[in-house]
Amino acid sequence: MLEEPTWPPTEATDPMESTSPPSRHPPQRRLPPWLRKTLPAGGELRRTADIVARSGVATVCQEAHCPNQGECWSRRTATFMILGDLCTRRCRFCAVATARPKAPDANEPEKLAEACAALGLRHVVITAVARDDLPDEGAGHFARCVETLRRHCPTATIEVLPADFHARRECIETLCQARPDVYNHNIETVERLTPIVRPQAKYHRSLEVPRIVKSLVPDMTTKSGLMIGLGETHDEILATLTDLRGAGCDMLTIGQYLQPSPAHAPVARYYEPAEFDALGATARELGFAQVAAGPFVRSSYHAAEDFDALATSG
Ligand code: SF4
């Protein structure tokens, strides 16, 4: 009988071990039962890994040590991370490496589009490292990726998930002009914890992003995501959801924060699935058109299905 791998993977059970960089996963920690995940293995996962490896484009699935990698890659879904794999910011929740990044790869839009076509993605989520070193913070390169993807995959819907661009209207406008279907920017955590967890970000600056998007393109779908388990209170979560709705955010994801390594912010609390259900219901009452809330929910987790659900809800 095949051994069933679980998350977090040990070196011996990581299904990606022959195609991924050396594992930086922390040692196995005691997790509540609802966070112990059985990972599928097999041909589709391997085929996704091969396409990703050949593309030369980074994925947030790998760089952020996403717990859903086995499941998503087995479903031939991956989220590419453009503008390199080195970030100019050092968020305390994020496993993406911080260092001086290289110049953007001018061929990355083609590489990205070819990989998305090879995977047959019908809804493409593109994220990026923060590029505070570039005059336009990478907005022009991001827009070229969206435009190239449209040419290669004309029927695919496209969701962009950039950093905040310091809420610079001209950068956000550049990306909006490429007409993605969804403009996503994660608030990540509540106001009080933002300076601790995202020291180079600002809570109210992140709230400006959907506001600016809506002012530029009123019918653009906006989305944001919140991690919980960092020490926030229930009232602070409610205040964040209210602030996001007030900023014009249409779609929301809420997921459990998981510490990617002992050097990252510790988990203050594991929320139970029923608590996610209750938060999801509250968010819907606040007026979000589409909400995904659950322990393993991430911005791009089942993003195609969430976008479908938004379309059918009206
Ligand atoms: S949830 Fe997103 S980042 Fe995580 S494995 Fe799935 S596609 Fe990749």
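Strand β10 (residues 221-228) is buried on both faces in this predicted model. One side carries Thr221, Lys223, Gly225 and Met227. The other carries Thr222, Ser224, Leu226 and Ile228. Eight of the eight residues of β10 are buried, so the rest of the structure largely encloses the strand. In a regular strand, side chains alternate between the two faces of the sheet.

**The sheet around β10**

Which strands make up the open sheet, and in what order? There are eight, ordered β3-β4-β7-β8-β9-β10-β11-β12, and the pairing is mixed. The edges are β3 (58-59) and β12, each of which pairs on one side only. Strands of a sheet pair through backbone hydrogen bonds, either parallel or antiparallel.

The run from β9 to β12 can be listed pair by pair.

| Strand pair | Sense and bridges | Facing residues |
|---|---|---|
| β9 and β10 | parallel, three bridges | valine 182 and threonine 221 |
| β10 and β11 | parallel, six bridges | serine 224 and leucine 252 |
| β11 and β12 | parallel, four bridges | threonine 253 and alanine 292 |

A further partnership ties β10 to β11: isoleucine 228 has glutamine 256 as its bridge partner.

**Strand β11**

Is β11 buried or exposed? Six of its six residues are buried, so β11 is largely enclosed by the rest of the structure. Both faces are covered. Met251, Thr253 and Gly255 lie on one side. Leu252, Ile254 and Gln256 lie on the other. Two of these residues also appear in the pairings: leucine 252 stands opposite serine 224, and threonine 253 stands opposite alanine 292 in β12.

**Helix α10**

Helix α10 covers residues 273-286. At 1.5 Å a residue, its 14 residues should span 20 Å. Its end C-alpha atoms are 20 Å apart, which agrees. Its buried residues are Phe276, Leu279 and Ala283. Seen down the axis of α10, they fall within an arc of 65°, so they line one face of the helix. Among the elements that cover them are α9 (234-246), β11 (251-256) and β12 (290-293). The face turned away from the buried side carries the exposed residues Ala274, Asp277, Ala281 and Glu285.

Alanine 278 also lies in α10. Why does alanine 278 count as partly exposed? It has 14 C-beta neighbours inside 10 Å, whereas a buried residue needs 20 or more and an exposed one has 12 or fewer. Alanine 278 and leucine 258 are 20 residues apart in sequence and 20 Å apart in space, C-alpha to C-alpha. Just after α10, glycine 287 takes a positive phi of about 110°.

**Helix α11**

Helix α11 (residues 303-313) has Ala303, Asp306 and Phe307 buried. These cover an arc of only 100° around the axis, which puts them on the same side of α11. What covers this buried side? The cover includes β7 (123-128), β8 (157-161), β9 (182-184), β11 and β12. Glu305 and Thr312 are exposed on the other side of α11.

**Helix α5**

Helix α5 (residues 139-152) has 14 residues, and at 1.5 Å a residue these should span 20 Å. The end C-alpha atoms are 20 Å apart, in agreement. The buried residues of α5 are Ala139, His141, Phe142, Ala143, Cys145, Val146 and Leu149. They pack against β4 (80-82), α4 (108-119), β7, β8 and α6 (169-176).

**The ligand shell**

Which residues are around the ligand? They are Val60, Cys61, Cys66, Asn68, Gln69, Cys72, Thr77, Ala78, Thr79, Arg298, Ser300 and Tyr301. The elements giving two or more residues to this shell are α2 (60-63) and α3 (69-74). By class, the shell divides into six nonpolar, five polar and one charged. Arg counts as charged, and Arg298 is listed in the shell.

How values were computed
Residues numbered from 1 in each chain as written. Predicted model: local features only at pLDDT ≥ 70, side-chain atom pairs only at ≥ 80, totals over all residues. Expected span 1.5 Å × (residues − 1). Arc of directions from axis to C-beta. Contact = placed C-beta atoms within 7 Å. Pairing = 2+ DSSP bridges. Near = placed C-beta within 6 Å.
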